[in-house]
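Colleague: Could you take a close look at the nonpolar core of this protein for me? I'd like to know which residues have the most contacts inside the largest one.

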Amino acid sequence: MAITLSGISNDILSTTIYEIKDEVAEGLFETTPFLSVAKKLGKIKSFNGGYKLVVPVETKEHSLVTVLDSGWEALDLSVQDFTDQAEYDWTRIAIPVLISGREEAENSGDRAIIDLAEARFKNAMSALMRQINKQIVQNDSAFTAMGTLNGNTASDGGTGAGGVSTGFLEALAPELDGGTPANSMGGLSRTGVRGLQNQFLDGAGSFSISEMFELETKASTLMPAGGDGGRFHLTLASPSAYTAYRNALFNQERYVDANTLDASGITALQFSSGVIMPERNMVKSGAAGNEINSMMMLNLDGIQLYTHQGADFDFTGFENISGYDGRYGRILFMGGLTANQLGSSALYTDAES
């Protein structure tokens, strides 16, 4: 067992971090609403390995209906595969937690070293969670392979949206509303499959609570099979759109105790069958007009984050750094954002006033 200058072994210091890990993670979820609500509602799934995250998606009807006018008609027994496989990449990332020998010498006493380790761990965990959250919401990080909600590719010709054609929520109307969806989902085309086309409305520069209800109504007609029956479990709103929603409610607004959502310190408002929460990463810097994602209304039975069982913000423990006067540990995350149904989710753009 290696002994460092402070006299506290790596094993003892690591054990301290293991004991506070869950508590730290819970406290930090407050700045990452998607992770917080998905975790609380049990919508985050786990996996053990694999080259890809493979999710079955219903895209066709298994068999055909036969009209029995006389009762003696032969049944049409034609069948077809009714599912396709959506394939998603996962990403594996790590952030180090480091303490130098000099820092240990400057922080005299075992308690001071433990406090320093806890502070470094909290700082690193917070940074990792914020970056993962930003990738999920905005698609703006070094690990784009994990996927994103932002499918707003600025169809009006702008460059500020930051969305990609593989993003789940695109700024185009579904075919039922006369649109022609262009994005793909897990390698599958959305054309002709209602359940793969998210609802969409362009606020055209102004906010309307009636448009929010319109999106909810349309989304409620396309619910994921096997879900909990909820409509929008979580609505992420830009700060301006969140303020507009709150102002529209005036004294009729209904608050949810944020502690019930593991988002300590944040007040959430009810909307649909879930909550609406402000998200600073909704609008990419420089975005204007239809490039602005004002609200992402999410059914978390159709959109889910998968995390690896051995790398779900897990800490590896401290070890000495060969050739250096210090020690380090790593916080690991391995996972990817997936979807099997998008018709029950919606994107509301350019609704900031």
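Modeller: Here is a walk through the core, with some background on the rest of the chain.

Keep in mind that this is a predicted model. The largest nonpolar core takes in 65 residues, and F34, L149 and L298 are the ones with the most contacts inside it. Helix α4, spanning residues 110-138, gives this core its largest share, namely 13 residues. If you zoom in on F34 and skip the neighbours within four places in sequence, you'll find it touching N133, I136, L149, L234, L236, L298, L300, L305 and L337. There's another core lying apart from the largest one: it has 20 residues, including L201, A237, L269 and M297.

Now for the setting. The protein has six helices and 16 strands, and 50% of its 353 residues count as buried. Take the contacts between residues at least 6 apart in sequence: 71% of them join residues at least 24 apart. About 16300 Å² of the protein is exposed, with carbon and sulfur atoms supplying 50% of that area.

As for confidence, the average pLDDT is 83, and 82% of the residues score at least 70. Among the elements, strand β12 (residues 293-298) has the highest mean, 97, while strand β9 (residues 255-256) has the lowest, 61. Residues 1-5 fall below 50 in pLDDT, and that stretch has 13 contacts in the model beyond near neighbours in sequence. Residues 261-265 are also below 50, with 17 contacts counted beyond near neighbours in sequence.

Notes. Residues numbered from 1 in each chain as written. Predicted model: local features only at pLDDT ≥ 70, side-chain atom pairs only at ≥ 80, totals over all residues. Heavy atoms only, no water. pLDDT = per-residue confidence, 0-100. Helix = DSSP H or I, 4+ residues; strand = E, 2+ residues; numbered from the N terminus. Contact = heavy atoms within 4.5 Å. Core = buried A, V, L, I, M, F, W, Y, C linked by side-chain atoms within 4.5 Å. Buried < 20%, exposed > 50% of the residue type's maximum accessible area, 1.4 Å probe, protein only. Areas by Shrake-Rupley, 256 points an atom, 1.4 Å probe, with all protein chains shown as cover.
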